[in-house]
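Visitor: I'd like a quick tour of this one, with reasons attached. Whenever a label comes up, I'll ask what earns it.

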Amino acid sequence: MNITQNTDPGLCSAVVNHGTATATDNCDNSPTINGTRSDNLPLDAPYPKGTTTITWTATDHATPTNNQSSCQQTITVEDHEAPVITTNGVTPVLWPASHEYHTFNVTNFVTAVTDNCDVLTVSNVVIEKVTSDENENGGGDGNTKNDIIIAADCKSVQVRAERVNNGDGRVYTITFKVTDSSGNVGRKTSTIEVPKNLGVPVVDSGPHYTVNGTCP
């Protein structure tokens, strides 16, 4: 029976219970059965991502020549584990609220990427979207638009240093994304704050305005 199995957690391989083949013979009640992997590793060794073929061969004990028959079994190991983005935990504060743009790069927040199968780096990370917990043009925020501008390469974003005058501060949330070769997507967020007044805690009231990046 062919087997399809996910990689083991944190690994790019899987330990697989492959079973064994069976055989019948018209004269021999106990033919010898051997299995050989296409990668020449032991049958019980972990199976790597991808497809490995086991060739099972049954040999009877006829004389003077042993008779043989073979069949094949495929072991397919799939990667469904998402890569992991690590950020530095920094939350920049934009002050004064002067309506000016501030530019932030992926590298201002993301420090590393790990994956069970692929070698990924910070350079593989893109900005998927940026949200604001205030409307784009709220009352007393300077009457401006385009408060969030994601670069065409999705490696940086410009955000305005402004907030609603009678609000509780503004929170921009950046969602970072990285995709491995199997199509698994890892995400992580970081925030940027614009306080009502310097030193006053900012309250995140959830997304009110979203800009999506254009990168896959």
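Guide: Let's begin with Gln73, which sits in strand β6. Keep in mind that the model is predicted.

Visitor: Is Gln73 buried or exposed, and how do you know?

Guide: Its relative accessibility is 6%. Buried means under 20%, so Gln73 counts as buried.

Visitor: And how far is Gln73 from Asp133?

Guide: Their C-alpha atoms are separated by 55 Å, with the two positions 60 residues apart along the chain. Now set that beside Arg170 and Ser132: these are 38 residues apart along the chain, and their C-alpha atoms are separated by 7.0 Å.

Visitor: Where does Arg170 sit, and what makes it buried?

Guide: Arg170 belongs to strand β13. With 0% relative accessibility against a limit of 20%, Arg170 counts as buried.

Visitor: Which acidic side chain does Arg170 meet, and why is that called a salt bridge?

Guide: That would be Asp147, at 2.9 Å from N to O. The cut-off is 4 Å between a side-chain nitrogen of Lys or Arg and a carboxyl oxygen of Asp or Glu, so the pair qualifies. Asp147 lies in the loop between β10 and β11, Arg170 in strand β13 (residues 170-179), and the pair links distant parts of the chain, 23 residues apart.

Visitor: What makes Arg160 a partner of Asp147 as well?

Guide: The reasoning is the same as before: the N to O distance is 3.3 Å, and the rule asks for within 4 Å. This pair, too, links distant parts of the chain, with Arg160 in strand β12 (residues 156-160), 13 residues from Asp147.

Visitor: Are Asp147 and Arg160 buried or exposed?

Guide: Asp147 has a relative accessible area of 0%, so it is buried. Arg160 comes in at 14%, still under 20%, so Arg160 is buried too.

Visitor: What makes a network out of these pairs?

Guide: Shared partners do: salt bridges join Asp147, Arg160, Glu162 and Arg170 into one network.

Visitor: How many salt bridges are there by this rule?

Guide: The count comes to five. One of them pairs Arg187 with Glu128, whose closest N and O atoms are 2.7 Å apart. Arg187 is in strand β14 (residues 185-194) and Glu128 in strand β10 (residues 126-132), 59 residues apart.

Visitor: Why is Arg187 called partly exposed?

Guide: Its relative accessible area is 48%. Exposed would take over 50%, and buried would take under 20%, so Arg187 lands in between.

Visitor: On to the backbone. What is special about phi at Asn146 and Cys154?

Guide: Asn146 has a positive phi of about 55° although it is not a glycine. Cys154 is another non-glycine with a positive value, near 60°. Asn146 lies in the loop between β10 and β11, while Cys154 is in the loop between β11 and β12.

Visitor: How do their accessibilities read?

Guide: Asn146 has 47%, so it is partly exposed. Cys154 has 0%, so it counts as buried.

Visitor: Which peptide bond is cis, and how do you know?

Guide: The bond from Trp95 to Pro96 has omega near 5°, and it is cis. Pro96 is found in the loop between β7 and β8.

Visitor: Trp95 also turns up in a surface patch. Which residues form it?

Guide: Val93, Trp95 and Leu198 form this nonpolar patch, with about 290 Å² of accessible area together.

Visitor: What makes Val93 eligible for the patch?

Guide: Patch members need over 30% relative accessible area, and Val93 has 46%, so it clears that bar. By the burial scale, Val93 counts as partly exposed. Val93 is in the loop between β7 (84-87) and β8 (101-105).

Visitor: Last stop, the largest pocket. How much space lies in it, and what lines it?

Guide: About 180 Å³ of space lies in the largest pocket. Its lining has 17 residues, with Ala23, Ala58, Thr59, Ser69 and Ser70 nearest the centre. The elements giving two or more residues to that lining are β5 (50-59) and β6 (68-78).

Visitor: How does the lining split by class?

Guide: There are seven nonpolar, eight polar and two charged residues.

Key. Residues are numbered from 1 along each chain as its sequence is written. This is a predicted model: local features need pLDDT of at least 70, side-chain atom pairs count only at pLDDT 80 or more; totals for chains, interfaces and linings use all residues. Side-chain values use heavy atoms; hydrogens and water are left out. On a 1 Å grid over the protein atoms alone, a cavity is a set of points where a 1.4 Å probe fits but cannot get out, and a pocket is an open set with protein on both sides within 12 Å along at least five of seven lines; lining residues have an atom within 4 Å of a point. Grid points are joined across faces, edges and corners, and a volume is the space filled by probe spheres set on the points. Helices (H or I, at least four residues) and strands (E, at least two) are DSSP runs, numbered from the N terminus. Ala, Val, Leu, Ile, Met, Phe, Trp, Tyr, Cys and Pro count as nonpolar, Asp, Glu, Lys and Arg as charged, and the others, Gly among them, as polar. Buried means under 20% relative accessible area, exposed over 50%, partly exposed in between (1.4 Å probe, protein chains only). Patches are made of residues with over 30% relative accessible area and no salt bridge: like charges are joined within 9 Å, nonpolar side chains (Val, Leu, Ile, Met, Phe, Trp, Tyr) within 5 Å. Accessible areas come from the Shrake-Rupley method with a 1.4 Å probe; for residues, only the protein chains shown count as cover.
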